[in-house]
Amino acid sequence: MAELNAAQRAAAALLEHKEAIARSVTGLLYAERPWLLDLYGERGREKCLQDMRYNLEHLIPAVELQAPDMFSRYATWCDQLLRARNVQTAELVRTMEIMRADVAARLPADQAEAVAGCLDEGIRVLAEPEAA
């Protein structure tokens, strides 16, 4: 059996730690932006956690297939969905930045780099003028 490459190992690690990463990113986001709890309440925090799980569910195959464009298409769709619910693009971007840092602290450098490539592409497309 062939040895897994860094991207495949990263995808497996993301799957294994999906819940921990989702909880960590949600906690860090709310710690950084305590006003979110006032604005959205505990129900909003639960929805945010659910969204982090969805983000990871779309990130994992993009990482495994080394297809950053796959994740950027999801990011664009997700941004449109969230903006329709009055969530700013900057909030989604910040979530991806926090996820990138969490993964970098959690995974070996080669695996974190594979994940960062997809997250960075998502961030890049959201930074384009027509996305915002």
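Leaving aside its neighbours within four places in sequence, which residues is Val25 in contact with? The close-ups below start there; please keep in mind that this is a predicted model.

**View 1. Val25 and its surroundings.** Once neighbours within four places in sequence are set aside, Val25 touches Met52, Thr95, Ile98, Met99 and Asp102. Val25 itself belongs to helix H2. With a relative accessible area of 0%, Val25 is buried, because anything under 20% falls in that class. If you would like a distance to check, try Val25 and Asn55: they are 30 residues apart in sequence, and their C-alpha atoms are 11 Å apart in space.

**View 2. Helix H2 against helix H5.** Here we step back to the two helices, H2 (residues 18-32) and H5 (residues 89-106), which pack with their axes 9 Å apart and at an angle of about 125 degrees. That angle makes H2 oblique to H5. The crossing of H2 past H5 is right-handed.

**View 3. Who meets whom between H2 and H5.** On the H2 side, the contact is made by Ala20, Ile21, Ser24, Val25, Leu28, Leu29 and Glu32. H5 contributes Arg94, Thr95, Ile98, Met99, Asp102, Val103 and Arg106. Sorted by character, the residues of this contact comprise eight nonpolar, two polar and four charged. Val25 thus turns up again, as one of the H2 residues listed here.

**View 4. Phe71 and Tyr74 in helix H4.** Now for the rings: searching the whole structure turns up two aromatic pairs. In the pair of Phe71 and Tyr74, the ring centres are 5.7 Å apart and the planes meet at 40 degrees, so this pair is tilted. The two residues sit three apart in helix H4 (residues 68-83), which means that about one helical turn separates them. Phe71 counts as buried because its relative accessibility is 1%, and Tyr74 counts as buried because its value is 8%.

**View 5. Tyr74 and Trp77, one step along.** Tyr74 also forms an aromatic pair with Trp77, at 6.0 Å centre to centre and with 35 degrees between the planes, and this pair is tilted. Tyr74 and Trp77 are three residues apart in H4, so about one helical turn lies between them. Trp77 has a relative accessibility of 48% and therefore counts as partly exposed.

**View 6. The ring cluster.** Taken together, Phe71, Tyr74 and Trp77 are linked into a cluster by their ring pairs. Tyr74 pairs with Phe71 and also with Trp77.

Definitions and conventions:
Residues are numbered from 1 along each chain as its sequence is written. This is a predicted model: local features need pLDDT of at least 70, side-chain atom pairs count only at pLDDT 80 or more; totals for chains, interfaces and linings use all residues. Side-chain values use heavy atoms; hydrogens and water are left out. Axes are lines fitted to C-alpha atoms, for helices over the stretch in contact, and angles run from 0 to 180 degrees between N-to-C directions. Helices (H or I, at least four residues) and strands (E, at least two) are DSSP runs, numbered from the N terminus. Angles under 35 degrees count as roughly parallel, over 145 as roughly antiparallel, 65 to 115 as roughly perpendicular and the rest as oblique. A crossing is left-handed if the near helix is turned anticlockwise from the far one by less than a right angle, and right-handed if clockwise. Contact means heavy atoms within 4.5 Å. Ala, Val, Leu, Ile, Met, Phe, Trp, Tyr, Cys and Pro count as nonpolar, Asp, Glu, Lys and Arg as charged, and the others, Gly among them, as polar. Rings of Phe, Tyr and Trp (its six-membered ring) pair if their centres lie within 6.5 Å; planes under 30 degrees apart count as stacked, over 60 as edge-to-face and the rest as tilted. Buried means under 20% relative accessible area, exposed over 50%, partly exposed in between (1.4 Å probe, protein chains only).
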